[in-house]
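Thanks for coming, everyone. Let me put the structure up on the screen, and then I will walk through it slowly.

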Amino acid sequence: MQMITRRLVAGLALLGMGISGSAFAAAADCGLWGGNLLQWPAANPVWEMCWVQPSQSVAADGSGLELRDVHYKGILVAKRLHAPILFAEYRNSGTCYRDWKDSDARFVASVPVRNQLGVPSPYIATTVCDVSQDATAAYGSCPFTGAPGTNFVLADCIGAPGGVAIEDMGDHVVLTTQYSAAWYQYTGRYAFWANGDIQPEFGFGNRDGTNNSLTHWHHNYWRFDFDIDGSGNNEILSNGVSQSTEFSGLRSLTGGPGGGPTYWDVMSTKGDFGYRIVSGSGDYNPPNQSGRNFHSVDVIGSRFINNEYADRSDNNLGDCTMTATNIANSQSIADTDVVFWYRASVRDANGNNWPPGCSGASCEPQNSMVCKQVGPTITQVGDWPIFRNGFE
């Protein structure tokens, strides 16, 4: 009832002012926010945004592929989508890293930066993660010498300092990049669908096999600065329940007793429309699976603070603990500018020691070099208005 009432009041207000919905159409402003303009489709675009490659991204040591001022059909969706926090954590070892995300790495694509929407690509953008399908083998950096099923040459590789591949898939557009932290090569992808859905993807790859013998985890923390129809008047709901103060917590695969929420909504309180975040099928590595107490949360809901891109202002390599309380510290997030953090991790298991206490056939086969790609699905919920002329 509350949702219907708020929509009705908003609609009556617009009619009373004699303003049509199309008067509120907006577009990405890369001159103001920085980055390179993407409009998809090329004719009468439904998505407009500014993209930034890892070396130009914000945060102490970057945030991978970064998207700014994202609009869908003339409606502001987000001011920033990126992943400022990333860890490599090892079991039974003194080793751990807070990895950096601003070192562009070569990968396969049509041209260094492709924005020829509507023009077929000779092949899909291919990163180290995409070719890593062997449990123990590493295929180096682009052009991935010896990788099965590939015949790439150096000319196929995006050259230094890297770039972003943009591919028109017909009913959606995909942005791909790769960034490195020494021997690790990370894939950053976003897919934007014509129906308004968004799919971020994190992928891990290893170019030379370093630490292949150690069971370890890569924890990727996305920071979704949704600004649904504007930076103010937003709220976060967990399983449909509005959260009034900053929070951190766990997710649940089933939603059963004792489990956390299975979905979260970021909504406009002015119009009761927004986005629902639902975990991907591979996102459920439990927090603290290593037993080292470095990662104890899956999600964080916080109030927007300018330049708050991590749980600390620096990014020392050995700072292995994600300190959620530095972000979520009881500020109000009711009807304001909010940020939603989401963790997805991949486990790269050595066949001799996982799970703990295993032996022989009871151990998980080694998969430490096999690519794992994870990420949530973000779908529209509520009654979205159509502000831009030409859309029904």
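Among contacts in the protein chain between residues at least 6 apart in sequence, what percentage join residues at least 24 apart? For this chain, which I should say at once is a predicted model, the answer is 69%. The protein chain has 392 residues, of which 53% count as buried, and its secondary structure consists of three helices and 19 strands. About 15400 Å² of the chain is exposed, and carbon and sulfur atoms supply 52% of that area.

Let me turn to the nonpolar interior. The largest nonpolar core has 53 residues, and those that touch the most other members are Trp47, Leu67, Val77, Leu175, Phe192 and Phe226. Strand 4, which covers residues 75-90, gives the most to this core, with eight residues. If we take Val77 and leave aside its neighbours within four places in sequence, its contacts include Trp47, Ile198, Phe226, Tyr275 and Trp384. Apart from this core lies another one, of twelve residues, with Ile300, Ala310, Ala328 and Val339 among them.

Now to the charges, where the count comes to 14 salt bridges. As a reminder, side chains of opposite charge can pair when their charged atoms come close. Asp298 is a good place to look, and it meets the side chain of Arg251 in a salt bridge with an N to O distance of 3.9 Å. Because Asp298 lies in the loop between strand 15 and strand 16, while Arg251 lies in the loop between strand 13 and strand 14, the pair ties together parts that are 47 residues apart in sequence. Asp298 counts as buried because its relative accessibility is 4%, and Arg251 is buried too, with a relative accessible area of 9%. The side chain of Asp298 also meets that of Arg343 in a salt bridge, here at 2.8 Å, N to O. This pair again links distant parts of the chain, since Arg343 sits in strand 17, residues 338-348, and is 45 residues from Asp298. Both Arg343 and Asp298 are buried.

Elsewhere, a network of salt bridges links Arg98, Asp311, Arg312 and Asp319. Within it, the side chains of Arg312 and Asp319 meet at 3.6 Å, N to O, and Arg312 counts as partly exposed because its relative accessibility is 26%.

Which buried residue, then, has no salt bridge, with Arg106 as the nearest side chain of opposite charge? That residue is Asp104, and Arg106 is 11 Å away from it. Asp104 is found in the loop between strand 5 and helix 3. The side chain of Asp104 does have polar contacts, one of 2.5 Å with the side chain of Ser55 and one of 3.1 Å with the side chain of Gln53.

I will finish with two polar residues on strands. Ser180, in strand 7, is buried, with a relative accessible area of 11%, and, not counting residues up to four places away in sequence, it touches Trp100, Ser103, Ala105 and Gln185. Gln39, in strand 1, counts as partly exposed because its relative accessibility is 33%. The side chain of Gln39 joins that of Glu48 in a polar contact of 3.3 Å. Gln39 and Ala27 are twelve residues apart in sequence, and their C-alpha atoms are 9.5 Å apart in space.

Key
Residues are numbered from 1 along each chain as its sequence is written. This is a predicted model: local features need pLDDT of at least 70, side-chain atom pairs count only at pLDDT 80 or more; totals for chains, interfaces and linings use all residues. Side-chain values use heavy atoms; hydrogens and water are left out. Helices (H or I, at least four residues) and strands (E, at least two) are DSSP runs, numbered from the N terminus. Buried means under 20% relative accessible area, exposed over 50%, partly exposed in between (1.4 Å probe, protein chains only). Lys and Arg count as positive and Asp and Glu as negative; His and the chain ends are not counted. A salt bridge is a side-chain nitrogen of Lys or Arg within 4 Å of a carboxyl oxygen of Asp or Glu. A polar contact is a pair of N or O atoms within 3.5 Å; within protein, one must be able to donate a hydrogen and the other to accept it, and residues adjacent in sequence count only if both atoms are side-chain atoms. Contact means heavy atoms within 4.5 Å. Accessible areas come from the Shrake-Rupley method with a 1.4 Å probe; for residues, only the protein chains shown count as cover. A nonpolar core is a set of buried Ala, Val, Leu, Ile, Met, Phe, Trp, Tyr and Cys residues joined through side-chain atoms within 4.5 Å.
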